[in-house]
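This report goes through selected features of one protein chain. It is meant to be read alongside the sequence and the coordinates.

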Amino acid sequence: MKATPILLAALISLSVVSCVSAQQRLVVESGHIGPINALAYDKQDSLRFSGGSDGTIRAWNISTHQLIGTLQVGHLPVEMIAVNPAGHEIASFQTDNINNFKITAWNWETGKELFSHRISEAPLFMKYSPTGSFLVYGVTEWHSLNFLDSSTGQSLPYFQGGIGIVSDV
């Protein structure tokens, strides 16, 4: 993943940053073992979540920059995360980039898995609805948009006729 200035600023705000002057090397202490692949913000609780190649999602208090929790969601890298604006739920997308593509939703406070949903390819995006009642993701096919009930993971019958490839909502 290419580090953009916005992503770099977000990573820096996660934790302590040190700079080695002789080499001007920036070290970000994220708590993850390996790269951070995804970031999400929870406005309700003023938290930032990071998803890493180590299969964890970490919750950070934005005010104190302290780690408040770690959720081990699997052994595969976390490539995408989405925060439910209506509750303490977070969805993750994990893949081995070969044949294992999975969206899983969790209660991030209790660590309880709410549902797991296998898909055929990596999604272009993944987001909760503004009310938190469903999770939507898009893939590269005519029936691009897919809707899941946020509590059960059951597919919802929206846009069944297909509308083409949608890359974001």
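The sections below cover strand pairing, aromatic contacts, surface features and backbone angles.

## Basis

The model is predicted. Local features are described where pLDDT is at least 70.

## The sheet of S11, S12 and S13

An open sheet is formed by 3 strands, ordered S11-S12-S13, with antiparallel pairing. Its edges are strand S11 (125–128) and S13, each of which pairs on one side only. On average, and with direction ignored, neighbouring strands of this sheet are turned by 20 degrees against each other.

Between strand S12 (residues 134–138) and S13 there are 5 bridges, and the two strands run antiparallel. In this part of the sheet, Val-136 stands opposite Phe-147 of S13. Phe-147 is buried because its relative accessibility is 8%, which is under the 20% limit for that class.

## Aromatic cluster and surface patch

Phe-147 also belongs to an aromatic cluster, together with Phe-134, Tyr-158 and Phe-159. Two of these residues can be placed relative to strand S13 (145–149): Phe-159 is in the segment after this strand, and so is Tyr-158.

Tyr-158 and Phe-159 have a second role, since they form a nonpolar surface patch with Ile-163. Together the three residues of the patch have about 310 Å² of accessible area. Tyr-158 has a relative accessibility of 39% and therefore counts as partly exposed. Tyr-158 is thus listed both in the aromatic cluster and in the surface patch.

## Aromatic pairs

The chain has 5 aromatic pairs. One of them is Phe-49 with Trp-108, an edge-to-face pair with 5.4 Å from centre to centre and 65 degrees between the planes. This pair links distant parts of the chain, with the two positions 59 residues apart in sequence numbering: Phe-49 is in strand S4 (residues 47–52), while Trp-108 is in the loop between strand S9 (101–107) and strand S10 (112–118). Both Phe-49 and Trp-108 are buried.

Phe-147 and Tyr-158 also make an edge-to-face pair, because their planes stand at 80 degrees, with the ring centres 5.1 Å apart. Phe-147 is in strand S13 and Tyr-158 in the segment after it, so this pair ties together parts that are 11 residues apart in sequence.

## Two hairpins

Strands S9 and S10 are antiparallel and share 6 bridges. Asn-107 stands opposite Lys-112 of S10. The two strands form a hairpin with 4 residues between them, and Gly-111 in the turn has a positive phi of about 80 degrees. Trp-108, described above as the partner of Phe-49, is in the loop of this hairpin.

Strands S3 and S4 run antiparallel and are joined by 6 bridges. Leu-39 stands opposite Ser-50 of S4. Strand S3 (residues 36–42) is mostly covered, with 5 of its 7 residues buried. The hairpin of S3 and S4 has 4 residues between the strands, and Ser-46 takes a positive phi near 55 degrees there.

## Positive phi outside glycine

Most residues other than glycine have a negative phi. Ser-46 departs from this pattern: its phi is positive, about 55 degrees, although it is not a glycine. The residue is located in the loop between S3 and S4. Ser-46 has a relative accessible area of 31% and so is partly exposed.

His-65 is another residue that is not a glycine but has a positive phi, here about 60 degrees. His-65 is in the loop between strand S5 (56–61) and strand S6 (67–72). With 37% relative accessibility, His-65 counts as partly exposed.

## A buried glycine after S13

Which C-alpha atom is separated by 9.2 Å from that of Gly-153? The partner is Ile-103, 50 residues apart from Gly-153 along the chain. Gly-153 is found in the segment after S13. It counts as buried because its relative accessibility is 9%.

Note on methods: Residues are numbered from 1 along each chain as its sequence is written. This is a predicted model: local features need pLDDT of at least 70, side-chain atom pairs count only at pLDDT 80 or more; totals for chains, interfaces and linings use all residues. Side-chain values use heavy atoms; hydrogens and water are left out. Patches are made of residues with over 30% relative accessible area and no salt bridge: like charges are joined within 9 Å, nonpolar side chains (Val, Leu, Ile, Met, Phe, Trp, Tyr) within 5 Å. Accessible areas come from the Shrake-Rupley method with a 1.4 Å probe; for residues, only the protein chains shown count as cover. A salt bridge is a side-chain nitrogen of Lys or Arg within 4 Å of a carboxyl oxygen of Asp or Glu. Two strands pair if DSSP finds at least two bridges between them. Axes are lines fitted to C-alpha atoms, for helices over the stretch in contact, and angles run from 0 to 180 degrees between N-to-C directions. Rings of Phe, Tyr and Trp (its six-membered ring) pair if their centres lie within 6.5 Å; planes under 30 degrees apart count as stacked, over 60 as edge-to-face and the rest as tilted. Buried means under 20% relative accessible area, exposed over 50%, partly exposed in between (1.4 Å probe, protein chains only).
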